[in-house]
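Thank you all for coming; I would like to take you slowly through one structure this morning. Please have a look at it first, and then we will go through it piece by piece.

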Amino acid sequence: PLFRSWNATSKRVLTMDFVDGCKVTDTKEMERRGLEIPDAASKFIECMAEQIFKTGFIHADPHPGNVLIRAKPGSKKKTAEIVLLDHGLYMYIEPSDRRALCNLWKSIVMHNEAGMKKYSRSLGVE
């Protein structure tokens, strides 16, 4: 969504918008709002994969308090939309780490235990 309050923000004043959504972990609330959990899950995975595997520019604090699910405004069918909050911590992932993450993910999906160990080690995880 477009942030409309830049004119009220300065070096010393932080202005925020209210977003009506539920935590990414609150499946009961998603169902109450008529949202499909698989749709929300798929969109969240796409959101994070885009950052990690494609751009390398990631939201570095995506805990449940910083990730909301809401119905996409203006959609006829209640389609899930991901809203990331707290944009104070972003970082770039080095291309070598992105390649290792891609290979680790592929190893996990393919049940390649040797690959999982190899690429985990290359990321500093034993």
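Before I name anything, we need one definition: a residue is called buried when its relative accessible area is under 20%, exposed when that value is over 50%, and partly exposed in between. Please also keep in mind that what you see is a predicted model.

Let me begin with helix α2, which covers residues 37–55. Which residues of α2 are buried? They are Ala40, Cys47, Met48 and Gln51, and the buried residues of this helix pack against α1, β2, β3 and β4. In the numbering of the chain, α1 is 27–32, β2 is 57–59 and β3 is 67–71.

We can also ask how the length of α2 compares with what its residue count would suggest. At 1.5 Å a residue, its 19 residues should span 27 Å, and because the C-alpha atoms at its ends are 26 Å apart, the two values agree. There is nevertheless a kink of about 30 degrees in α2, and its centre is at Ala49. Just after the helix comes Gly56, which takes a positive phi of about 75 degrees.

One of the elements that α2 packs against is β4, and I would like to stay there for a moment with Glu81, which has its place in this strand, residues 80–84. Is Glu81 buried or exposed? Its relative accessible area is 18%, and the limit for buried is under 20%, so Glu81 counts as buried. If we leave aside residues up to four places away in sequence, Glu81 touches Leu68, Ile69, Arg70, Lys72 and Pro73.

Now to the charged side chains, where the count comes to seven salt bridges. In helix α1, the side chains of Arg32 and Glu29 meet in one of them, with 2.7 Å from N to O. These two residues are three apart in the helix, which is about one turn. Here a general point helps: an α-helix has 3.6 residues a turn, so residues three or four places apart point the same way. The two partners are not equally covered, because Arg32 is exposed, with a relative accessible area of 61%, whereas Glu29, at 17%, counts as buried. Glu29 also forms a salt bridge with Arg33, and there the closest N and O atoms are 2.8 Å apart.

A further pair is found in helix α4, residues 113–122, where Lys117 and Glu113 lie four residues apart, again about one turn of the helix. Their side chains meet in a salt bridge of 3.5 Å, N to O, and Lys117 counts as partly exposed at 44% relative accessibility. Going back to Glu29 and its partners, salt bridges that share partners join Asp20, Glu29, Arg32 and Arg33 into one network.

Helix α4 also holds Ser122, which at 44% relative accessibility counts as partly exposed. Although Ser122 and Ser96 are 26 residues apart along the chain, their C-alpha atoms are separated by 9.2 Å.

Let me finish at the surface, with helix α3, residues 95–109, in which Trp105 lies. Trp105 has 52% relative accessibility, and therefore it counts as exposed. Together with Ile108, Val109 and Met110, Trp105 makes a nonpolar surface patch of about 440 Å².

Methods. Residues numbered from 1 in each chain as written. Predicted model: local features only at pLDDT ≥ 70, side-chain atom pairs only at ≥ 80, totals over all residues. Heavy atoms only, no water. Patch = residues over 30% accessible without salt bridge, like charges linked within 9 Å, V, L, I, M, F, W, Y side chains within 5 Å. Areas by Shrake-Rupley, 256 points an atom, 1.4 Å probe, with all protein chains shown as cover. Salt bridge = Lys/Arg side-chain N within 4 Å of Asp/Glu carboxyl O. Buried < 20%, exposed > 50% of the residue type's maximum accessible area, 1.4 Å probe, protein only. Contact = heavy atoms within 4.5 Å. Expected span 1.5 Å × (residues − 1). Bend = angle between axes of the 7 residues up to and from the residue.
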